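Here is a short briefing for a first look at this structure. Keep the sequence and the 3D view open while you read.

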Amino acid sequence: MKIIKSISEIRKEITKQKCNNKTIGFVPTMGTLHEGHLSLVKESVNNNDITVVSIFINPLQFGPNEDFNKYPRNLNEDSKLLQDFKTDYIFAPETETIYDTQPSVQINIPELFNILCGRKRIGHFSGVCIVVTKLLNIIQANNIYMGKKDYQQLIIIKKLVKDLSINSKIIAVPILRDKDGLALSSRNLYLSKSERLNALAINKSRAIIKKLYKKSYTVKKIEKEIYDVLTKNNLEVEYVEIRESTTLKKTEKLNEASRIFIAAYSGKTRLIDNYTIKECLLFL
Ligand code: AMP
């Protein structure tokens with residue numbers, strides 16, 4: 001496994017691999033890797049000749065009051081894990097390498113940026129799209145692996161790739177959860193014991209959705225019930241919304257593919273999660 005920090009060096013390696021007709025799988029991350037990230041890496045290693053994992057904390061996608069400075073950084077630990085998982089290259093550039101000039105280009109997908117997480121995190125998805133476009137131009141991946149944990153991001157990147165005819169296929173990987181049901185996230189490290197216990201209400205709300213869906217409650221009523229349950233568990237809810245899985249459009253007619261999106265703070269830590277009605281029906 002090679003750890004590469006410069007764009008020219010990774011480009012050289014990619015060119016060499018492509019000349020040998022190798023397929024490239026790519027997993028973009030911000031590091032502090034957990035089993036969730038590693039499930040993406042596993043998918044890539046199993047389905048491509050070469051796997052590249054990028055570790056880059058992208059300042060463009062953090063707002064002024066967000067946790068860019070305190071976001072955990074663990075390149076040594078991450079490298080050991082990735083080596084065990086048979087990664088071929090880690091691309092871990094410095095901020096100045098990716099942004100040697102401040103980009104002036106703007107990317108906007110209004111119907112997808114101005115909903116859910118994008119309502120409060122102004123500029124976030126624009127920053128995500130710029131860095132992903134840059135990384136895809138550098139890595140030239142055949143396949144890019146993204147988690148359903150960041151479902152809105154996944155749909156946005158699918159649209160970006162389609163609209164700009166980027167020659168990479170996006171593979172969506174299911175959310176990996178801890179034994180207690182909390183979706184794995186690098187930010188879970190911030191949670192105290194009690195904050196973590198409160199956060200479990202997010203996953204447990206699946207049982208309530210299952211009950212209400214079976215009783216044919218309206219979308220509005222289900223959203224309100226879940227909002228109230230989360231609030232009672234000391235979470236500060238940013239949104240609870242049910243939307244269509246492929247378009248992220250609001251829906252009034254529920255079906256098993258409809259998806260519930262939740263963002264809530266436990267203490268100061270912002271958590272997101274999502275699941276389909278079908279996943280709620282399967283919840284014990
Ligand atoms: P991040 O390092 O948070 O930017 O995440 C990098 C990639 O890992 C994104 O595509 C995430 O959706 C994915 N990811 C993060 N947590 C999980 C999880 N618990 N299960 C599956 N994928 C995840």
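The notes below cover the ligand site, one helix and two single residues.

This is a predicted model, where local features need pLDDT of at least 70, side-chain atom pairs count only at pLDDT 80 or more, and totals for chains, interfaces and linings use all residues. Residues are numbered from 1 along each chain as its sequence is written, and side-chain values use heavy atoms, with hydrogens and water left out.

**The ligand site**

- The ligand has 15 residues around it, counted as near if one of their heavy atoms lies within 4 Å.
- M30, H37, D150, L176 and L184 come nearest.
- In the side chain of D150, an N or O atom is 2.6 Å from an oxygen atom of the ligand. Such a polar contact is a pair of N or O atoms within 3.5 Å.
- H37 also offers a side-chain N or O atom, 2.9 Å from a ligand oxygen.
- L176 uses its backbone: a polar atom there is 2.8 Å from a nitrogen atom of the ligand.
- Taken alone, the ligand exposes 490 Å², and the protein buries 92% of that. These areas come from the Shrake-Rupley method with a 1.4 Å probe.
- Three elements give two or more residues to the shell: β2 (24-29), α2 (35-47) and β5 (143-147). Helices (H or I, at least four residues) and strands (E, at least two) are DSSP runs, numbered from the N terminus.
- The largest share, 3 residues, comes from α2.

**Helix α7**

- α7 covers residues 124-139, 16 residues in total.
- From first C-alpha to last, α7 reaches 22 Å, close to the 22 Å expected at 1.5 Å a residue. The expected span is 1.5 Å times one less than the number of residues.
- Of the 16 residues in α7, 13 are buried. Buried means under 20% relative accessible area, exposed over 50%, and partly exposed in between (1.4 Å probe, protein chains only).
- Q140 follows α7 and has a positive phi, near 50°.

**Two residues to compare**

- Q152 sits in helix α8 (residues 151-163). Q152 counts as buried because its relative accessibility is 5%.
- Q152 touches L112, F113 and F125, among others, not counting residues up to four places away in sequence. Contact means heavy atoms within 4.5 Å.
- R11 lies in helix α1 (residues 7-19). With a relative accessible area of 39%, R11 is partly exposed.
- R11 touches N137 and I138, not counting residues up to four places away in sequence.
- R11 and K169 are 158 residues apart in sequence and 19 Å apart in space, C-alpha to C-alpha.

Technical notes: A polar contact is a pair of N or O atoms within 3.5 Å; within protein, one must be able to donate a hydrogen and the other to accept it, and residues adjacent in sequence count only if both atoms are side-chain atoms.
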